[in-house]
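Student: I would like to go through this model with you, one region at a time. Could we begin with the strands?

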Amino acid sequence: MGETTMRQGAGGLPRPHDLLWGASADWLEAGAPAWARAVLAARLPVVVRRAPARDGWIAVGVRGHGREQRHATWMPRAAVHRCVPPEQLTGGGERESVCAPLRALALLQPQLDALCRQHGLAWGVTGGAGYQLATGVTVLNEGSDLDLLLRVPRPLQRRQAQALMERLEQLPCRVDLQLETPAGAVALREWASAAARVLLKAGNGARLVGDPWREVAA
């Protein structure tokens with residue numbers, strides 16, 4: 001496995017939202033859609049998804065052209081020859097872009113960079129924006145969302161979450177930011193709300209919790 005991959009999550013494992021190159025259509029099950037085979041035949045990357053671990057294999061998703069084209073599958077860990085984490089894609093915003101998500105990214109980047117420097121955090125670009133920035137394949141349009149993650153190993157105060165959410169709501173498109181805690185991911189939008197419990201997405205499924213940072217990683 002390449003050096004880039006080995007620098008990812010604990011034990012050298014790629015983490016959810018990382019983009020991986022090296023997947024082959026030969027590993028798809030017999031009933032896999034033709035579009036998924038075409039994507040892998042074109043040597044485009046797959047994205048790491050959350051799922052229970054399987055020895056020697058990585059849970060991944062194949063992305064097609066439309067929102068309805070998503071296919072869950074598995075990739076041998078040994079086949080990965082390139083890994084691009086979301087943190088490597090933060091500089092792709094364009095203030096003059098005709099695409100709202102890329103304009104939003106350019107506007108938000110300085111604030112998130114400053115936040116991460118101040119608190120020792122990391123952020124990255126996921127979803128369609130991350131895929132487009134990593135591959136050059138156009139998947140965004142003016143109505144697309146901007147998907148981001150913020151790695152927060154320590155608790156984020158709800159008032160801090162609310163302040164960040166207020167900033168996101170001023171941008172030219174909807175921004176969905178996931179807080180990546182040691183136990184899994186929580187939507188910033190939920191953590192900034194008054195909800196007593198929020199949805200934690202972990203490797204073994206999703207569940208409602210009161211404090212994501214007190215949960216045991218799955």
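**Strands, domains and a loop glycine**

Tutor: Let us start with a hairpin, which joins β3 to β4 through six residues. Please keep in mind that this is a predicted model.

Student: How many bridges join β3 to β4, and do the strands run parallel or antiparallel?

Tutor: Strand β3, residues 57-63, is joined to β4 by seven bridges, and the two run antiparallel.

Student: Which residue stands opposite V60 in β4?

Tutor: That residue is T73. In the pairing of β3 with β4, I58 also stands opposite M75.

Student: And what about β2, how does it pair with β3?

Tutor: Strand β2, residues 46-48, pairs with β3 in the antiparallel sense over two bridges. There, V48 stands opposite V60. V60 of β3 therefore faces V48 in β2 and T73 in β4, where a residue counts as paired through strands with at least two bridges.

Student: How many residues of β3 are buried?

Tutor: Six of the seven residues in β3 are buried, so the strand is mostly covered, with buried meaning under 20% relative accessible area.

Student: And how many in β4?

Tutor: Strand β4, residues 70-76, is mostly covered too, with five of its seven residues buried.

Student: Let me change topic. Where are the domain bounds?

Tutor: The domain assignment gives domain 1 as 18-84 and domain 2 as 87-209. In the contact between them, eleven residues come from domain 1 and 18 residues from domain 2.

Student: What separates the centres of the two domains?

Tutor: Taken over C-alpha atoms, the centres of domain 1 and domain 2 are separated by 23 Å.

Student: What does UniProt list for residues 101-212?

Tutor: An unreviewed UniProt entry lists these residues as "domain: Phosphoribosyl-dephospho-CoA transferase MdcG C-terminal". Over residues 101-212 the chain is 38% helix and 29% strand, and the end C-alpha atoms lie 28 Å apart.

Student: Which residues does the N-terminal annotation cover?

Tutor: The annotation "domain: Phosphoribosyl-dephospho-CoA transferase MdcG N-terminal", also from an unreviewed UniProt entry, covers residues 15-86. Over that stretch the chain is 11% helix and 32% strand, with end C-alpha atoms 10 Å apart.

Student: Now to the side chains. Which residue lies over the face of W21?

Tutor: R82 does, at 4.2 Å from the ring centre. In another arrangement of this kind, R49 lies over the face of W74, at 5.3 Å from the ring centre.

Student: How many aromatic pairs does a search of the whole structure find?

Tutor: The search finds one aromatic pair.

Student: Last topic: where is G22 found?

Tutor: G22 is in the loop between β1 (19-21) and α2 (34-41).

Student: Why is G22 classed as partly exposed?

Tutor: G22 has a relative accessible area of 24%, so it falls between the limits of 20% for buried and 50% for exposed.

Student: Leaving aside neighbours within four places in sequence, what is G22 in contact with?

Tutor: G22 is in contact with W27, M75, A79 and H81. Of these, M75 is the residue in β4 that I58 stands opposite. As for P85, G22 is 63 residues from it in sequence and 15 Å from it in space, C-alpha to C-alpha.

Conventions: Residues are numbered from 1 along each chain as its sequence is written. This is a predicted model: local features need pLDDT of at least 70, side-chain atom pairs count only at pLDDT 80 or more; totals for chains, interfaces and linings use all residues. Side-chain values use heavy atoms; hydrogens and water are left out. Rings of Phe, Tyr and Trp (its six-membered ring) pair if their centres lie within 6.5 Å; planes under 30 degrees apart count as stacked, over 60 as edge-to-face and the rest as tilted. A charge sits over a ring if NZ of Lys or CZ of Arg is within 6 Å of the ring centre and within 35 degrees of the ring normal. UniProt positions are given in the numbering used here, feature names are shortened, and annotations may be inferred rather than shown by experiment. Helices (H or I, at least four residues) and strands (E, at least two) are DSSP runs, numbered from the N terminus. Buried means under 20% relative accessible area, exposed over 50%, partly exposed in between (1.4 Å probe, protein chains only). Domain bounds come from an automatic or database domain assignment. Contact means heavy atoms within 4.5 Å.
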